[in-house]
Amino acid sequence: MNLLDGKEVSTKIKEDIKRETAELTEKLGRKPHLVAILVGNDGGSETYVASKMRNCEQVGFDSTNLRYDVDITEEELLNKIKEINADESIDGLIVQLPLPKHIDPDKVTEAIDYRKDVDGFHPINLGRMQRNLPCFIPATPYGIMLMLEHYGIDTAGKKAVIVGRSNIVGSPMSILLARNSNPGNCTVTLTHSRTKDLKDEVLQGDIVVAAIGKKNFVTADMVKEGAIVIDVGINRESSTETKSGFKLYGDVDFENVSPKSSWITPVPGGVGLMTIIGLLKNTLEAAKGTVY
Ligand code: GUN
């Protein structure tokens, strides 16, 4: 078993981003600037956004976290997005998901100028990604691809089984792994809650991507000997063992799956760190103007 070490890869790529940011800041006369909108006070979302902002500062970006009460109306939020779209000093805009029930996430996603959509959720970016055109790629799948690339893992011709069809991870991951690109060129199966005989499907995977959000969902009996296992899960449970009061669990039963795998990501220290890298790279590209 070899570890796909998010700490090692993210540290290296962050250094590259820092260097490029310094050069770009000199050229533009200002820093790249990311705005993150956070609605309400979901504990997980607060942690993720705080981490995104901290990482922006570490590589030399400006970052602004706009926070709104859980009862902000959809119209108010859409108006705020329009203002940011028009503000030329802002390169990237993300709206942290999930949103409260009274706000339609599709309306919000489509309201963001696709040229500032560094989450890569806008249908224009999604369509361009499918066509292998320049675009912003959703941060988590982007980070996973960078990780596979870093370790020189040859994915061509492999069977990839993705568990979970979310807009944020599973669906875009299926497109990226199927694309004619490197990494890519996989034969992809996208499984979900209505999939029959899930275990048999996952057992076919030379590559397994677990993105369902359920602790230890993928067990050793579901994984083929020698598989490459990517664990996207960040399941938080209260714990007295840690300083933060939380312990993180992946979607994969690491202890029992890792001995069967050829490569595997740990949780924490795997995909989570790479998601940040995907976001930083997209924001840098947005500031450079190389995508649009
Ligand atoms: N919620 C969980 N992951 C993400 C992400 O990558 N971007 C945003 N905006 N919200 C999320």
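In which loop is Pro-98 found? The model described here is a predicted one, and in it Pro-98 sits in the loop between strand 4 and helix 4 (105–111). This proline makes a handy starting point for a tour, as the peptide bond joining Leu-97 and Pro-98 is cis, with omega at about 5°. Most peptide bonds are trans, and most residues other than glycine have a negative phi.

A second bond of this kind turns up further along the chain. Val-267 and Pro-268 are likewise joined by a cis peptide bond, here with an omega of about -5°. Pro-268 belongs to the loop between strand 11 and helix 10 (271–288). The backbone at Asn-185 also deserves a look: its phi is positive, about 55°, although the residue is not a glycine. Asn-185 is placed in the loop between helix 7 and strand 6.

With these local details in hand, the overall layout is easier to follow. The protein is divided into domain 1, covering 25–116, and domain 2, covering 139–274. Between the C-alpha centres of domain 1 and domain 2 there is a distance of 27 Å.

One open sheet is built from three strands in the order 3-2-4, with parallel pairing. Its edges are taken by strand 3 (62–68) and strand 4; each has a single partner strand, so one side of each is left without a neighbour in the sheet. From one strand to the next, the twist averages 15°. Strand 2 (residues 33–39) is joined to strand 4 by four bridges in the parallel sense. To find this pairing on the model, look for Ile-37, whose bridge partner in strand 4 is Val-95.

Another open sheet has six strands, arranged in the order 1-11-8-7-5-6, and here too the pairing is parallel. Strand 1 (2–3) and strand 6 (187–191) stand at the edges; because each has a single partner strand, one side of each is without a neighbour in the sheet. Two bridges link strand 1 with strand 11 (residues 263–264), again in the parallel sense. Within this pair, Leu-3 faces Ile-264 of strand 11.

Next comes the packing of two helices. Two packed helices are described by the angle between their axes and the distance between the axes. For helix 6 and helix 7 (residues 170–178), the axes come within 8 Å and cross at roughly 35°. The crossing of this pair, helix 6 and helix 7, is right-handed. On the helix 6 side, Pro-141, Ile-144 and Met-145 take part in the contact, and they meet Pro-172, Met-173 and Leu-176 of helix 7. By class, the residues of this contact are six nonpolar, no polar and no charged.

The last stop is the ligand. Which residues surround the ligand? They are Ile-94, Val-95, Gln-96, Leu-97, Asp-119, Ala-139, Thr-140 and Ile-168. Two elements, strand 4 (92–95) and helix 6 (139–150), give two or more residues to this shell. Sorted by class, the shell has five nonpolar, two polar and one charged residues. Several names from the earlier paragraphs return here. Val-95, the bridge partner of Ile-37, is among the residues around the ligand. Leu-97 is one of them as well, and it is joined to Pro-98 by the cis peptide bond met at the start. Why does the ligand lie between domain 1 and domain 2? Both domain 1 (25–116) and domain 2 (139–274) give residues to the shell, and the ligand therefore lies between them.

Key: Residues numbered from 1 in each chain as written. Predicted model: local features only at pLDDT ≥ 70, side-chain atom pairs only at ≥ 80, totals over all residues. Near = placed C-beta within 6 Å. Nonpolar A, V, L, I, M, F, W, Y, C, P; charged D, E, K, R; others polar. Domains from an automatic or database assignment. Pairing = 2+ DSSP bridges. Axes fitted to C-alpha atoms, helices over the stretch in contact; angles between N-to-C directions. Left-handed = near helix turned anticlockwise from the far one by under 90°. Contact = placed C-beta atoms within 7 Å.
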